[in-house]
Amino acid sequence: PPVMASKKSSDKYSVLLPTYNERDNLPLIVWLLVRAFRKSGHDYEIIVIDDGSPDGTLEVAKQLEKIYGKDKIVLRPRAKKLGLGTAYIHGMKHATGNFVIIMDADLSHHPKFIPEFISKQQEKDYDVVSGTRYSGSGGVYGWDLKRKLISRGANYLTQVLLQPGASDLTGSFRLYKKVVLEKLVESCVSKGYVFQMEMIVRARQLGFTIGEVPITFVDRVYGESKLGGNEIYSFAKGLLYLFATT
């Protein structure tokens, strides 16, 4: 319908890609993103926020900038590793789109789902669309049992304590209206892994609407998983803090 076409032409999607030692993954994820957007015909930009990766991720990003152009690949590096939460805040300042997509650069999130996120958003003009691994046809590949149990456990614990009404809270593959993301980031106190979850909890509290798209989640292709024991500990701690303050 023509309504969609007019909506499409004015909407722009800014993808925030925080990177740390992702030189092997970056060319691939960018290529997949560009392909997904070209196919769906949506306007986009990819903002790469590299936290001083010692492996030369930034050099790779500069090559990609040459290939795809400065309007599509926007480099906003930082001098050192400052964490995920602040990476999103930093990236958002530079986003020119009215929608922001956050995802991991390590190929655990497949860009092919983005058009589904977009059409889900347009369905009911959702404020947030979250990719969920735990509903419908979503799933997790390549996760060992321990990780699965921890992830499920983390989600279950959150559901019980906070009742946020979204089935996958720790996921970090999401589409936000930019104005909504700005409001959420303002009200968030957590850093790291808990940050993702707090965003959804706060979104519920502030009365924003959340749509869900089932995704398959592939465990990191290259590199070690970033979810270490201390991350899990801080996740539990952050969860209790949220529970106490909400």
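# A predicted fold built around a mixed sheet

Tyr 44 is buried, with a relative accessible area of 5%. The model described here is a predicted one, and this aromatic residue offers a convenient way into it. A search of the whole structure finds three aromatic pairs, and in one of them Phe 37 and Tyr 44 are stacked, with 4.7 Å from centre to centre and 5° between the planes. Phe 37 is buried as well, with a relative accessible area of 1%.

## The sheet

Seven strands make up an open sheet with mixed pairing, and their order is 3-2-1-4-7-5-8. Strand 3 and strand 8 (210–214) are the edge strands, since each pairs on one side only. From one strand to the next the twist averages 20°.

Helix 2 packs on this sheet, where it touches strand 1, strand 2, strand 3 and strand 4, and its direction makes about 170° with that of strand 1. Ser 40 also belongs to helix 2; this residue is buried, with a relative accessible area of 14%. Although Ser 40 and Ile 118 are 78 residues apart along the chain, their C-alpha atoms are separated by 9.7 Å.

## Strand 4 and its two partners

How does the pairing run on either side of strand 4? With strand 1 (residues 12–19), strand 4 pairs in the parallel sense over four bridges, and here Ile 101 of strand 4 is the bridge partner of Val 15. With strand 7 (residues 174–177), strand 4 pairs in the antiparallel sense, again over four bridges. In that second pairing, Val 100 has Tyr 176 of strand 7 as its bridge partner, while Ile 101 stands opposite Leu 175 in strand 7.

In a regular strand the side chains alternate between the two faces of the sheet. Strand 4 (residues 99–102) is covered on both faces, for Phe 99 and Ile 101 on one side are buried, and so are Val 100 and Ile 102 on the other.

## The nonpolar cores

The largest nonpolar core has 33 residues, and those with the most contacts inside it are Leu 17, Val 30, Leu 33, Phe 37 and Ile 46. Two or more residues of this core come from each of strand 1, helix 2 (26–40), strand 2 (43–50), helix 3 (57–68), strand 3 (73–75), strand 4 and helix 5 (114–124). Helix 2 gives the largest share, which amounts to seven residues.

Ile 46 shows how such a residue is surrounded: leaving aside its neighbours within four places in sequence, Ile 46 is in contact with Val 15, Leu 17, Val 30, Leu 33, Val 34, Lys 72, Ile 73 and Val 74. Apart from the largest core lies another, of 23 residues, among them Ile 49, Tyr 176, Val 180 and Ala 203.

## Salt bridges

Side chains of opposite charge can pair when their charged atoms come close. A search of the whole structure finds seven salt bridges, including the ones in this table.

| Salt bridge | Closest N to O distance |
|---|---|
| Asp 43 and Lys 72 | 3.3 Å |
| Asp 127 and Lys 177 | 3.3 Å |
| Arg 202 and Glu 198 | 2.8 Å |

What does the salt bridge of Asp 43 and Lys 72 tie together? Asp 43 lies in strand 2 and Lys 72 in the loop between helix 3 and strand 3, so the pair ties together parts that are 29 residues apart in sequence. Asp 43 counts as partly exposed, because its relative accessibility is 31%, whereas Lys 72 is buried, with a relative accessible area of 17%.

The second salt bridge in the table joins Asp 127 and Lys 177. Asp 127 lies in the loop between helix 5 and strand 5 (128–132) and Lys 177 in strand 7, so this pair ties together parts that are 50 residues apart in sequence. Asp 127 and Lys 177 are both buried.

Arg 202 and Glu 198, in contrast, both lie in helix 8 (residues 193–205), where they are four residues apart, about one turn of the helix. Both of these residues, Arg 202 and Glu 198, are buried too. Finally, salt bridges that share partners join Asp 125, Asp 127 and Lys 177 into one network.

Terms used:
Residues are numbered from 1 along each chain as its sequence is written. This is a predicted model: local features need pLDDT of at least 70, side-chain atom pairs count only at pLDDT 80 or more; totals for chains, interfaces and linings use all residues. Side-chain values use heavy atoms; hydrogens and water are left out. Buried means under 20% relative accessible area, exposed over 50%, partly exposed in between (1.4 Å probe, protein chains only). Two strands pair if DSSP finds at least two bridges between them. A nonpolar core is a set of buried Ala, Val, Leu, Ile, Met, Phe, Trp, Tyr and Cys residues joined through side-chain atoms within 4.5 Å. Contact means heavy atoms within 4.5 Å. A salt bridge is a side-chain nitrogen of Lys or Arg within 4 Å of a carboxyl oxygen of Asp or Glu. Axes are lines fitted to C-alpha atoms, for helices over the stretch in contact, and angles run from 0 to 180 degrees between N-to-C directions. Rings of Phe, Tyr and Trp (its six-membered ring) pair if their centres lie within 6.5 Å; planes under 30 degrees apart count as stacked, over 60 as edge-to-face and the rest as tilted.
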